[in-house]
Amino acid sequence: MPELPEVETIRRDLEHELVGRVVQSLQIRDRRLMKTAEQKRWELNAVGRAWTAIERRGKYLVVQLEAGWRIILHLRMTGQLVLGKDRPQSYRMRLTFDNGNELSFYDQRRFGEVWLLAPGQAWPSKSDLGPDALKELTQDMFISLVKKRTTRIQPLLMDQRLISGVGNIYAQEALYKASIRPSRPGRSVSRSEATRLYKALQETLQTAIAHRGSTSRNYRDAYDQEGSAQSLHAVYRKGGQPCVRCRGPLRAARVGGRGTVYCPRCQK
DNA sequence: CGGGGCTCCTGTGCGC
DNA sequence: TGCGCACAGGAGCCCC
């Protein structure tokens, strides 16, 4: 599910509802998510602490707790963080706060991950994250990064070590907007094309946030509501349908092991 | 460095 | 209707 715009939407919802609140208890239903020893560590160190800030790095959510502890969450494909009481019992983890509010972590495919980090403890991502696509990536950084690689441009956009936050939906949409084929080697993308792509990416991500993310299947915001950015999609999952620009059929292909859709006439 | 394939899971949609 | 297969917003790992 969630790429940068979806995670940012959830972040804002949680910030609004939970900053300043104190965790009162936690329930775990998925032993794969957290083993008994780890659960004890959470009860000792996360329960009783207030949430002081909620940040985002790429597709990760970072919850700052009192005294320098941090909770890191990654929703992978189908993770959901939903506020409110009387939600379904199929949660993997649930936190209860001092005002009675609850936060439930649902995850159909169970790829999502959660960490509790002690003060100063290392970031859990195996490989370091590249600059955040919206907050840190500048046009110059983007151009030099693209020109340096022989990798195809779509997998390049989605490589979290190079740029963090972009996934399969928004990579496809930005490439369409910039009229560049997903399979083009980075190095073959000219300066002016890269500039166009940078701007398309920024605009795509910002507009998606303004629409509270894309709900294709599983994604819901923290209030369990769907986003509406999917109504803006020009190519994602639209193989065979007419291109909105030239009316020719969009083509479905595989690039870097992932499905992608592009317009063979508009995207060079 | 790059690319392909497989893995972790569960659910859906399609062709036969 | 049933069955099997491909594929799905992610990402790490292994091998070539």
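How far is a sugar or linking oxygen of DNA strand B from an N or O atom in the side chain of R32? In this predicted model, the separation is 3.0 Å. That pair of atoms is a starting point for looking at how the protein meets the DNA.

R32 belongs to a group of residues around DNA strand B, together with Q108, R109, R110, F111, R149, T150, T151, R152 and R217. Of the atoms of DNA strand B that come within 4 Å of the protein, 72% belong to sugar and phosphate. Sorted by class, the surface near this strand has six charged residues, three polar ones and one nonpolar one.

Two further contacts can be located in the model. Q108 uses its backbone: one of its backbone N or O atoms lies 3.4 Å from a sugar or linking oxygen of DNA strand B. T151 uses its side chain, where a polar atom lies 3.0 Å from a phosphate oxygen of DNA strand B.

Next, turn to the strands of the protein itself. Strands of a sheet pair through backbone hydrogen bonds, and the pairing is either parallel or antiparallel. Here, four strands form an open sheet with antiparallel pairing, and their order is β2-β3-β4-β8. Which strands stand at the edges? They are β2 (51-57) and β8 (113-117). Each of these has a single partner strand, so one side of each is left without a neighbour in the sheet. On average, neighbouring strands of this sheet are turned by 15 degrees against each other, direction ignored.

The pairing between β2 and β3 can be followed residue by residue. Strand β3 covers residues 60-65, and β2 pairs with β3 over six bridges in the antiparallel sense. Within this pairing, R56 stands opposite L61 in β3.

The last stop is inside the protein. How many cavities of 30 Å³ or more does the structure hold? There is one. The largest cavity has a volume of about 40 Å³. Its lining is made up of W51, I71, L73, L81, M93, L95 and L103. Two elements, β4 (70-74) and β6 (93-97), give two or more residues each to this lining. What classes do the residues of the lining of the largest cavity divide into? Seven are nonpolar, with no polar and no charged residues in the lining. On the surface near DNA strand B, by contrast, six residues are charged and one is nonpolar.

Key. Residues are numbered from 1 along each chain as its sequence is written. Chains are lettered from A and ligands numbered from 1 in the order in which they are written. This is a predicted model: local features need pLDDT of at least 70, side-chain atom pairs count only at pLDDT 80 or more; totals for chains, interfaces and linings use all residues. Side-chain values use heavy atoms; hydrogens and water are left out. On a 1 Å grid over the protein atoms alone, a cavity is a set of points where a 1.4 Å probe fits but cannot get out, and a pocket is an open set with protein on both sides within 12 Å along at least five of seven lines; lining residues have an atom within 4 Å of a point. Grid points are joined across faces, edges and corners, and a volume is the space filled by probe spheres set on the points. Ala, Val, Leu, Ile, Met, Phe, Trp, Tyr, Cys and Pro count as nonpolar, Asp, Glu, Lys and Arg as charged, and the others, Gly among them, as polar. A residue is near a molecule or strand if one of its heavy atoms lies within 4 Å of it. A polar contact is a pair of N or O atoms within 3.5 Å; within protein, one must be able to donate a hydrogen and the other to accept it, and residues adjacent in sequence count only if both atoms are side-chain atoms. Two strands pair if DSSP finds at least two bridges between them. Axes are lines fitted to C-alpha atoms, for helices over the stretch in contact, and angles run from 0 to 180 degrees between N-to-C directions.
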